[in-house]
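Consider how two helices lie against one another in a protein chain, and then how charged side chains pair across it. The paragraphs below take these two topics in turn.

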Amino acid sequence: MADGTADRTGRAPGQARISLGAMLRTGTDRTVVALYAITLLLVGFGLIMVLSSSSITSYLADQGFFGGFWRQATFALVGVPLMLLAAAMPIDFWKRWAWGLFAFGLALQMLVFTPLGIEVYGNRNWIQIGGFSAQPSEALKLAFVVWIGAVLLRKEPLLGEMRHELIPVVIPGALIALGSVLLGHDLGTVLIMAVMMLGAMYFGGISWKTLGITVFAGVLAVVLFVVTSENRMRRLLSHSGGTDDYSGIDWQATHGRWALANGGILGVGLGNSKAKWSWLPAADNDYIFAIIGEELGLVGALLVIALFIALTGVMLRVISRARDRFGRAVVGGILVWIVGQAFVNIGVVIGVFPVLGVPLPLVSSGGTALIACLAAIGVVISIARDGARYQEELEESAPRPARGGGTGRTFR
């Protein structure tokens with residue numbers, strides 16, 4: 001093989017062949033099947049709820065009752081094949097192109113500071129080209145976590161020394177990635193990316209001392225950015241009961257809780273929400289969980305939570321079966337990103353956290369977020385497949401006991 005001859009599959013060393021069959025084949029590994037099933041269930045459920053929650057606002061915007069749904073369905077039709085393509089990629093592809101993907105993600109994020117950038121709800125974290133708008137920070141999340149995994153794998157012999165654990169993942173990597181998003185004043189996305197980075201570092205085997213120092217520095221930075229922003233301080237005071245601005249800053253949070261309360265145990269029925277009649281801002285996006293609770297009740301809300309808990313369990317299994325530090329770090333970061341963001345979103349809706357402006361992954365409307373999450377799941381499936389092969393290799397290389405044991409008899 002060292003002389004460049006083809007292997008038994010007919011491919012030269014390092015050459016990967018991607019086919020439609022490889023994309024669609026799940027194999028017999030239950031972990032891969034579970035990842036596909038949970039993801040598609042969440043996406044399908046999300047499309048139904050986007051249709052219900054956006055129908056009124058879409059109609060008022062002269063897009064018809066199905067305007068929001070068709071837009072989200074279009075992004076799903078882009079994201080699902082992208083997930084299949086990412087899943088079919090060999091794990092070496094992600095290791096080889098990690099630096100390039102990170103550079104590309106940063107370049108996309110820099111576009112928000114060009115004339116292409118637009119401001120939405122006070123955050124300059126979007127770009128618009130003609131009638132198409134996108135949030136580059138969603139692509140940066142995936143590129144960032146893959147890059148962290150590649151760096152930790154490359155520096156594996158040096159890990160244990162704090163300077164090697166911090167450089168270049170935190171300094172300058174995280175400072176550049178998170179700083180580029182923070183310049184657009186999107187603190188909610190920055191917090192998700194920071195926790196995602198900590199998840200990748202934790203599952204990648206970084207020492208507790210380094211993690212502790214990183215967390216401490218991050219908390220200080222968050223406090224600084226909150227106290228120096230009048231809008232963020234108002235949100236924090238509103239959440240803690242320090243304001244009574246029902247018709248202003250408290251409107252969204254209050255109506256979100258009212259929608260949940262109105263749903264009761266079984267809900268008012270799919271499509272029968274009252275909050276979506278222009279009473280609840282971002283009903284199909286950041287506050288879609290409130291519509292789920294109103295229309296499907298506690299039962300529907302718990303079903304969504306159960307799906308994300310199941311996704312957590314499956315991803316933890318992928319981590320436990322991963323071949324190396326790269327797989328553990330990347331899947332750990334994606335786990336914290338998707339599931340962590342889901343529970344932050346739910347926590348905001350039920351009043352545990354102040355309003356942060358993060359969507360419910362795989363469920364909320366938002367094309368860039370949906371495509372990025374589906375691509376991230378594809379990377380997880382790619383690592384899961386490699387982990388399944390690794391477990392088979394371990395089983396094949398394990399010594400087999402002598403036939404018949406020590407009894408002198410063979411049991412059939």
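A crossing of two helices is called left-handed if the near helix is turned anticlockwise from the far one by less than a right angle, and right-handed if it is turned clockwise. With that convention in hand, and bearing in mind that the model is a predicted one, the reader can turn to helix H14, which spans residues 325–350, and helix H15, which spans residues 367–397. Their axes lie 10 Å apart and make an angle of about 150°. Because angles over 145 degrees count as roughly antiparallel, H14 is described as roughly antiparallel to H15. The crossing in which H14 passes H15 is left-handed.

On the H14 side, the contact is made by Phe326, Gly327, Val330, Val331, Ile334, Trp337 and Ile338, while H15 contributes Ala372, Cys373, Ala376, Ile377, Val379, Val380 and Ile383. In character, the residues of this contact of H14 with H15 comprise 13 that are nonpolar and one that is polar, with no charged residue among them.

Charged side chains come into view elsewhere, since side chains of opposite charge can pair when their charged atoms come close. How many salt bridges does a search of the whole structure find? The search finds nine. One of them joins Glu156 to Arg325, with the closest N and O atoms 3.2 Å apart. This pair links distant parts of the chain, for Glu156 sits in the loop between helix H6 (136–154) and helix H7 (162–166), whereas Arg325 belongs to helix H14, and 169 residues separate the two. The partners also fall into separate classes of accessibility: Glu156, at 34% relative accessibility, counts as partly exposed, whereas Arg325, at 15%, counts as buried.

Another salt bridge is formed by Glu161 and Arg163, whose closest N and O atoms are 3.9 Å apart. Here Glu161 counts as partly exposed because its relative accessibility is 39%, and Arg163, with a relative accessible area of 54%, is exposed.

The side chains of Glu295 and Lys276 likewise meet in a salt bridge, with an N to O distance of 3.6 Å. Glu295 lies in helix H13 (residues 288–321) and Lys276 in the loop between helix H12 (251–263) and H13, so this pair ties together parts of the chain that are 19 residues apart in sequence. Both Glu295 and Lys276 are buried. Finally, Arg323, Asp386, Arg389 and Glu393 are joined into one network by salt bridges that share partners.

Note on methods. Residues are numbered from 1 along each chain as its sequence is written. This is a predicted model: local features need pLDDT of at least 70, side-chain atom pairs count only at pLDDT 80 or more; totals for chains, interfaces and linings use all residues. Side-chain values use heavy atoms; hydrogens and water are left out. Axes are lines fitted to C-alpha atoms, for helices over the stretch in contact, and angles run from 0 to 180 degrees between N-to-C directions. Helices (H or I, at least four residues) and strands (E, at least two) are DSSP runs, numbered from the N terminus. Angles under 35 degrees count as roughly parallel, over 145 as roughly antiparallel, 65 to 115 as roughly perpendicular and the rest as oblique. Contact means heavy atoms within 4.5 Å. Ala, Val, Leu, Ile, Met, Phe, Trp, Tyr, Cys and Pro count as nonpolar, Asp, Glu, Lys and Arg as charged, and the others, Gly among them, as polar. A salt bridge is a side-chain nitrogen of Lys or Arg within 4 Å of a carboxyl oxygen of Asp or Glu. Buried means under 20% relative accessible area, exposed over 50%, partly exposed in between (1.4 Å probe, protein chains only).
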